[in-house]
Amino acid sequence: MRQCGVITQIKDTRATVLMQRHSMCSSCNACSMGHSNRKIEIEAINDIDAQVGQWVEIDMDKQNFLMATFIAYGIPFLTLILGIFMGTLILSNLQPNKNTEIYAALLGFVFMFTSYFIIRKNEKSFKTNRRFIPSIVGIVNNDDRI
């Protein structure tokens with residue numbers, strides 16, 4: 001996943017990079033930020049000592065990107081399904097003649113919100129882990145900009 005952007009700020013070994021949303025975002029509209037005039041600021045590791053105002057190329061390993069996506073979206077979804085399944089199984093055995101689907105769904109939401117809480121609590125360790133932070137891999141010439 002390579003993208004280009006301009007460095008707006010440098011702090012220690014990290015740089016804030018202003019990027020134009022990719023053209024693929026315009027067809028998605030899932031986050032309502034897919035319009036071509038929207039910009040995004042991200043923090044990237046600056047191991048090549050790029051300076052403010054320079055256009056740079058940013059890369060994040062695809063496997064690490066997928067792992068971060070799984071942590072943010074997959075784990076909460078799986079805990080929701082697990083909570084619903086466990087709620088249905090346990091409550092149908094305790095009260096076989098009662099309508100337990102609502103309580104099973106509530107248990108699923110409790111599991112999901114608990115997973116969000118745990119992920120949020122560990123967010124600092126994710127932010128300091130270099131695996132989950134994009135890196136600046138090169139300085140882009142004016143002719144090479146995407």
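In the predicted model, methionine 19 touches Gln3, Cys4, Gly5, Lys39, Ile40, Ile42 and Ile58, when residues up to four places away in sequence are not counted. One of these partners, isoleucine 40, is found in strand S3. The C-alpha atoms of isoleucine 40 and methionine 19 are 5.3 Å apart, although 21 residues separate the two in sequence. Isoleucine 40 has a relative accessible area of 28% and is therefore partly exposed.

Methionine 19 also belongs to the largest nonpolar core, which has nine residues. The other members are Ile7, Ala15, Val17, Ala44, Ala50, Val56, Ile58 and Ile136. Strands S2 and S4 each supply at least two residues of this core, and the largest share, three residues, comes from S2. Ile58 appears both in this core and among the contacts of methionine 19.

Strand S2 spans residues 14–20 and includes threonine 16. Threonine 16 has a relative accessible area of 17%, under the 20% limit, and so counts as buried. Its contacts, leaving aside neighbours within four places in sequence, are Val6, Ile7, Thr8, Gln9, Glu41 and Ile42. Of these, Ile7 is also a member of the largest nonpolar core, and Ile42 is also touched by methionine 19.

The protein contains four helices and five strands. Along the sequence, these elements follow the pattern β-β-α-β-β-α-α-α-β. Of the contacts with a separation of 6 or more, 71% are between residues 24 or more positions apart. Buried residues account for 25% of the 146 residues. The protein exposes about 10400 Å², of which carbon and sulfur atoms supply 59%.

A search of the whole structure finds three salt bridges. In one of them, the side chains of arginine 14 and glutamate 43 meet at an N to O distance of 2.8 Å. This pair links distant parts of the chain, with arginine 14 in strand S2 and glutamate 43 in strand S3 (residues 39–45), 29 residues apart. The relative accessible area of glutamate 43 is 43%, so this residue is partly exposed.

A salt bridge is also formed by the side chains of arginine 130 and aspartate 47, at 2.6 Å from N to O. Arginine 130 lies in the loop between helix H4 (123–128) and strand S5 (135–139), and aspartate 47 lies in the loop between S3 and strand S4 (55–59); the pair therefore ties together parts that are 83 residues apart in sequence. Both residues fall between the limits of 20% and 50%: arginine 130 has a relative accessibility of 47% and so counts as partly exposed, and aspartate 47, with a relative accessible area of 48%, is also partly exposed.

The remaining salt bridge joins glutamate 123 and arginine 120, whose closest N and O atoms are 2.3 Å apart. Here the two partners fall into separate accessibility classes. Glutamate 123 is partly exposed because its relative accessible area is 25%, whereas arginine 120 is exposed, with a relative accessible area of 60%.

On the surface, Met67, Phe70, Phe77, Leu78, Ile81 and Ile84 make a nonpolar patch of about 530 Å². Phenylalanine 70, one of the patch residues, is in helix H2, which covers residues 62–94. The relative accessibility of phenylalanine 70 is 38%, so this residue counts as partly exposed. That value is also over the 30% required of patch residues.

Confidence varies along the chain. The mean pLDDT of the protein is 83, and 84% of its residues reach 70 or more. Confidence is highest in helix H3 (residues 101–121), at a mean of 95, and lowest in helix H1 (residues 23–28), at a mean of 50. Over residues 27–34 the pLDDT is below 50, and this stretch has six contacts in the model beyond near neighbours in sequence.

Technical notes. Residues numbered from 1 in each chain as written. Predicted model: local features only at pLDDT ≥ 70, side-chain atom pairs only at ≥ 80, totals over all residues. Heavy atoms only, no water. Patch = residues over 30% accessible without salt bridge, like charges linked within 9 Å, V, L, I, M, F, W, Y side chains within 5 Å. Areas by Shrake-Rupley, 256 points an atom, 1.4 Å probe, with all protein chains shown as cover. Salt bridge = Lys/Arg side-chain N within 4 Å of Asp/Glu carboxyl O. Buried < 20%, exposed > 50% of the residue type's maximum accessible area, 1.4 Å probe, protein only. Contact = heavy atoms within 4.5 Å. pLDDT = per-residue confidence, 0-100. Core = buried A, V, L, I, M, F, W, Y, C linked by side-chain atoms within 4.5 Å.
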